[in-house]
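The following exercises concern a single protein chain and are to be worked with the sequence and the coordinates at hand. Each task is followed by a solution in steps.

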Amino acid sequence: MPEKSVRLPHDHGHDIEALPHMPDSGTLASVAAAMRQLGDVTRLHIFWLLCHYEECVINIAAYMRMSSPAISHHLRVLKTSGLIVSRREGKEMYYRAAATPLVDALHRTVETVGRISCPK
């Protein structure tokens with residue numbers, strides 16, 4: 001974590017300390033953790049899907065052509081990191097993207113970087 005008043009060895013003509021709203025290490029750590037979760041192509045695919053639809057494990061598994069236990073593992077990781085939420089309806093669990101500013105920003109980033117359009 002950079003200190004507030006650090007004497008830099010080289011003067012490049014700009015004042016790093018004058019940067020507005022320098023994020024703290026805790027904030028950057030939470031963003032890094034979320035991005036690590038999306039560094040796995042399967043989780044990224046599931047995340048993108050759940051940004052658009054609420055879906056059950058069985059359907060996600062069929063869509064991804066994976067077993068339900070494998071999908072459940074990825075869902076658990078995404079849920080633990082706060083990127084998705086779940087609800088139970090009888091015996092069925094449904095998942096969707098969490099309604100948070102971080103999730104919205106990650107969703108937009110995925111679509112911008114991947115040049116992907118949201119389904120209508």
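**Exercise 1. Locate Met64, classify its exposure and list its contacts.**

Step 1. Met64 belongs to helix H3 in this predicted model.
Step 2. The relative accessibility of Met64 is 14%; because buried means under 20%, Met64 counts as buried.
Step 3. Leaving aside residues up to four places away in sequence, Met64 touches Thr42, His45, Ile46 and Ile71.
Step 4. For a distance along the chain, take Arg76: Met64 and Arg76 are 12 residues apart in sequence, and their C-alpha atoms are 16 Å apart in space.

**Exercise 2. Determine whether Thr42 is buried or exposed, and which residues it touches.**

Step 1. Thr42 is part of helix H2, which spans residues 41-52.
Step 2. Thr42 has 17% relative accessibility and therefore counts as buried, the limit being under 20%.
Step 3. With residues up to four places away in sequence not counted, the contacts of Thr42 are Met64, Met66 and His74.
Step 4. The contact with Met64 also appears when the list is made from Met64, where Thr42 is among the residues touched.

**Exercise 3. Examine the backbone and the setting of Arg65.**

Step 1. Arg65 lies in the loop between helix H3 (57-64) and helix H4 (68-80).
Step 2. Its phi is near 55°, a positive value in a residue other than glycine.
Step 3. Most residues other than glycine have a negative phi.
Step 4. Arg65 has 77% relative accessibility and so counts as exposed, for which the limit is over 50%.

**Exercise 4. Describe the second largest pocket by its volume and its lining.**

Step 1. The space in the second largest pocket is about 160 Å³.
Step 2. Its lining consists of Met35, Leu38, Leu44, Leu106, Thr109, Val110, Val113, Gly114 and Ile116.
Step 3. Helix H5 (residues 101-114) gives the most to this lining, with five residues.
Step 4. Sorted by character, the lining residues are seven nonpolar, two polar and no charged.

**Exercise 5. Place Arg36, and find the ring that Arg87 lies over.**

Step 1. Arg36 is in helix H1 (residues 25-37).
Step 2. A relative accessible area of 56% makes Arg36 exposed.
Step 3. Arg36 and Ser81 are 45 residues apart along the chain, with 9.7 Å between their C-alpha atoms.
Step 4. Arg87 lies over the face of Tyr94, at 4.7 Å from the ring centre.

Key. Residues numbered from 1 in each chain as written. Predicted model: local features only at pLDDT ≥ 70, side-chain atom pairs only at ≥ 80, totals over all residues. Heavy atoms only, no water. 1 Å grid on protein atoms, 1.4 Å probe; cavity = no way out; pocket = protein on both sides within 12 Å on 5 of 7 lines; lining within 4 Å. Points joined across faces, edges and corners; volume = space filled by probe spheres on them. Helix = DSSP H or I, 4+ residues; strand = E, 2+ residues; numbered from the N terminus. Nonpolar A, V, L, I, M, F, W, Y, C, P; charged D, E, K, R; others polar. Buried < 20%, exposed > 50% of the residue type's maximum accessible area, 1.4 Å probe, protein only. Contact = heavy atoms within 4.5 Å. Lys NZ or Arg CZ within 6 Å of the ring centre and 35° of its normal.
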